[in-house]
Amino acid sequence: MIRRLLAGNVANCILLALLLAGCSAAEDPGQTVWQNNCKVCHGPGLAGAPRIGHQADWAARLTKGTDILIDHAINGYAGPGGHEMPARGGNPSLTDADIAAAVNYMISQSR
Ligand code: HEC
């Protein structure tokens with residue numbers, strides 16, 4: 001009886017570990033931040049925002065380097081065309097790490 005219980009627990013732990021590993025592998029935290037905060041503009045290209053997945057929108061921006069792009073997303077940025085990227089996408093509760101993850105996600109989809 002005890003042995004069976006123990007065996008069951010071990011099996012449950014392995015199952016749980018597999019499930020947890022599966023969840024964290026499937027979900028990119030940058031993607032979640034992006035969907036909740038950036039997609040509204042960077043999906044359709046609202047207000048002149050560079051669209052995700054459109055290499056032509058990103059090619060010139062990517063030459064600035066990822067650090068600059070992250071800095072502009074954190075602090076805000078007004079481009080030469082008069083369009084404006086609001087600081088932290090307008091959500092001050094996002095951390096620098098959240099923003100960096102979202103930028104990395106967006107450019108990984110747009111190269
Ligand atoms: C209200 C609309 C809006 C939201 C929300 C928004 N952006 Fe932007 N973003 C823009 C616009 C417009 C530009 C283009 C500015 C320009 O260069 O003219 C831009 C540009 C950028 C750039 C390029 C900056 C550069 O130097 O070329 C990055 C990176 C970026 N956004 C990241 C993000 C991230 C990450 C989020 C979510 C946390 C986000 N944006 C949310 C409107 C938005």
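What share of the 111 residues in the protein is buried? Buried residues make up 18% of them.

## Model and confidence

The structure is a predicted model. The mean pLDDT of the protein is 87, and 77% of its residues reach 70 or more. Residues 12–20 have a pLDDT below 50. In the model, this stretch makes zero contacts beyond near neighbours in sequence.

## Overall fold

Six helices and two strands make up the secondary structure of the protein. Their order along the sequence is α-α-α-α-α-β-β-α. Of the contacts between residues at least 6 apart in sequence, 61% join residues at least 24 apart.

## Packing of α2 and α6

Two packed helices are described by the angle between their axes and the distance between the axes. For α2 (residues 29–37) and α6, the angle is about 95 degrees and the axes are 7 Å apart. The two helices are therefore roughly perpendicular to each other, as angles of 65 to 115 degrees are classed that way.

Which residues of α2 and α6 meet? On the α2 side they are P29, G30, Q31, V33, W34 and N37. On the α6 side they are D98, A101, A102, N104, Y105 and M106. By class, this contact of α2 with α6 has seven nonpolar, four polar and one charged residues.

Just ahead of α2, D28 lies in the loop between α1 (2–26) and α2. D28 has 15 C-beta neighbours inside 10 Å and so counts as partly exposed. Its C-alpha atom is separated by 9.2 Å from that of A102, although the two are 74 residues apart along the chain. A102 is one of the α6 residues that meet α2.

## Buried positions in α5 and α6

D98 sits in helix α6 and is among the residues of that helix that meet α2. Is D98 buried or exposed? D98 counts as buried because 22 C-beta neighbours lie inside 10 Å, and the cut-off for a buried residue is 20 or more. The C-alpha atoms of D98 and I74 are separated by 9.6 Å, with their positions 24 residues apart along the chain.

A73 belongs to helix α5. A73 is buried, since 23 other C-beta atoms lie within 10 Å. Leaving aside neighbours within four places in sequence, A73 is in contact with M85, I99 and V103. The C-alpha atoms of A73 and D96 are separated by 9.2 Å, and these two residues are 23 apart along the chain.

## The loop between α3 and α4

L46 lies in the loop between α3 and α4 (55–62). L46 is exposed, as 12 other C-beta atoms lie within 10 Å, and a residue with 12 or fewer falls in that class. Not counting residues up to four places away in sequence, L46 touches V40 and C41. The C-alpha atoms of L46 and H83, which are 37 residues apart along the chain, are separated by 9.9 Å.

A47 is in the loop between α3 and α4. A47 is exposed because it has 11 other C-beta atoms within 10 Å. The phi angle of A47 is near 60 degrees, a positive value in a residue other than glycine.

## R88, between β2 and α6

Where is R88 found? R88 is in the loop between β2 and α6. Phi of R88 is near 50 degrees, which is a positive value in a residue other than glycine. R88 has 20 C-beta neighbours inside 10 Å and therefore counts as buried.

## The shell around the ligand

How many residues are around the ligand? There are 29, of which C38, C41, G79, M85 and G89 come nearest. C41 is also touched by L46 of the loop between α3 and α4, and M85 is also in contact with A73 of α5.

Several elements each supply at least two residues of this shell: α3 (39–42), α5 (66–75), β2 (84–85) and α6 (96–108). By class, the shell has 16 nonpolar, nine polar and four charged residues. Helix α6 thus appears twice in this report: α6 supplies residues to the shell around the ligand, and α6 packs with α2 at an angle of about 95 degrees.

Note on methods. Residues are numbered from 1 along each chain as its sequence is written. This is a predicted model: local features need pLDDT of at least 70, side-chain atom pairs count only at pLDDT 80 or more; totals for chains, interfaces and linings use all residues. A residue is near a molecule or strand if its C-beta atom, placed from the backbone, lies within 6 Å of it. Helices (H or I, at least four residues) and strands (E, at least two) are DSSP runs, numbered from the N terminus. Ala, Val, Leu, Ile, Met, Phe, Trp, Tyr, Cys and Pro count as nonpolar, Asp, Glu, Lys and Arg as charged, and the others, Gly among them, as polar. Axes are lines fitted to C-alpha atoms, for helices over the stretch in contact, and angles run from 0 to 180 degrees between N-to-C directions. Angles under 35 degrees count as roughly parallel, over 145 as roughly antiparallel, 65 to 115 as roughly perpendicular and the rest as oblique. Two residues are in contact if their C-beta atoms, placed from the backbone, lie within 7 Å. pLDDT is the predictor's confidence in each residue, from 0 to 100.
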